[in-house]
Amino acid sequence: MAAKKRSAATSPAAASAGGQDKLIDSLKQFIRAQGSGYLADPNVSSIGIGYKETKGKRGKELALQFTVDKKVRPEGVDGLMSTPIPALIDIGGGVKVPTDVVQRSYKPHFLLVAEAETPDRQKRVDPVRPGVSVGNVKVSAGTIGCVVFDKNGRAVC
């Protein structure tokens, strides 16, 4: 007898491209609705969607990925004041998705960046000189072509 194909409900990763998009949307909704409960655990630092990894190799099966500070066996979870993450999670509609626990440490780091300097052509100039761009917010802009002086008093007109 020929082997039966698995349905999307029993194997979400085996679903077609359209089914996989639908599964990803369901996973996103699950994370938005239920994620805060899992993130309340002091050992869990993030929840995401990805492919299940086994022995360092990425598989073809979509999974809910839980990032933890320290990965331990179920019997060692009590020492971390944490709860075990189940192997399968029902995301609704009878669809059970496998979980993947990834140990990763997030440490904030800071990079000091110098404040950007305004280019000379964009700085205010005093006194005004030819070649400077001028304008009004409500009107167009232009460039000063020359400075005119009064014939008698050398005052700028």
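What pattern does the chain follow when read along the sequence? In this predicted model, the order of elements is α-β-β-β-β-β-β, made up of 1 helix and 6 strands. The chain has 157 residues, and buried residues account for 21% of them.

The largest nonpolar core consists of 13 residues. Within this core, the residues with the most contacts are L23, L27, L64, F66, I91 and V97. Two or more residues are contributed by each of the following elements: α1 (17-39), β1 (44-54), β2 (57-68), β3 (88-92) and β4 (95-103). Strand β2 provides the largest share, with 4 residues. The core residue L23 is located in helix α1. Its relative accessible area is 8%, below the 20% limit, so L23 is classed as buried. L23 also lies 8.9 Å from L62, C-alpha to C-alpha, although the two are 39 residues apart in sequence.

Aromatic residues were examined next. The search of the whole structure returned 2 aromatic pairs. In the pair formed by F30 and Y38, the ring centres are separated by 6.4 Å and the planes meet at 50°. This angle is neither under 30 degrees nor over 60, and the pair is therefore tilted. The two partners fall into separate accessibility classes: F30 is buried, at 11% relative accessibility, whereas Y38, with a relative accessible area of 25%, is partly exposed. F30 and Y38 belong to one aromatic cluster together with F66. F66 is also listed among the residues with the most contacts inside the largest nonpolar core, which links the description of the cluster to that of the core.

A polar contact was found at strand β2, where T67 is located. The side chain of T67 is joined to that of S46 by a polar contact of 2.8 Å. T67 has a relative accessible area of 5% and is therefore buried, the cut-off being 20%.

Two features of the backbone were noted in loops. K55 is found in the loop between β1 and β2. The phi angle of K55 is positive, at about 55°, although the residue is not a glycine. With a relative accessible area of 84%, K55 lies over the 50% limit and so counts as exposed. The second feature is a cis peptide bond between D126 and P127, with omega at about 10°. P127 is placed in the loop between β4 and β5 (133-135).

Pockets were also considered. Rolling a probe the size of a water molecule over the atoms shows where empty space is left. The second largest pocket holds about 320 Å³ of space. It is lined by 13 residues, of which K123, R124, V125, V132 and S133 are the closest to its centre. By class, the lining of this pocket comprises 5 nonpolar, 3 polar and 5 charged residues. One of the residues closest to the pocket centre, S133, has the number at which strand β5 (133-135) begins.

Notes
Residues are numbered from 1 along each chain as its sequence is written. This is a predicted model: local features need pLDDT of at least 70, side-chain atom pairs count only at pLDDT 80 or more; totals for chains, interfaces and linings use all residues. Side-chain values use heavy atoms; hydrogens and water are left out. Rings of Phe, Tyr and Trp (its six-membered ring) pair if their centres lie within 6.5 Å; planes under 30 degrees apart count as stacked, over 60 as edge-to-face and the rest as tilted. Buried means under 20% relative accessible area, exposed over 50%, partly exposed in between (1.4 Å probe, protein chains only). On a 1 Å grid over the protein atoms alone, a cavity is a set of points where a 1.4 Å probe fits but cannot get out, and a pocket is an open set with protein on both sides within 12 Å along at least five of seven lines; lining residues have an atom within 4 Å of a point. Grid points are joined across faces, edges and corners, and a volume is the space filled by probe spheres set on the points. Ala, Val, Leu, Ile, Met, Phe, Trp, Tyr, Cys and Pro count as nonpolar, Asp, Glu, Lys and Arg as charged, and the others, Gly among them, as polar. A nonpolar core is a set of buried Ala, Val, Leu, Ile, Met, Phe, Trp, Tyr and Cys residues joined through side-chain atoms within 4.5 Å. A polar contact is a pair of N or O atoms within 3.5 Å; within protein, one must be able to donate a hydrogen and the other to accept it, and residues adjacent in sequence count only if both atoms are side-chain atoms.
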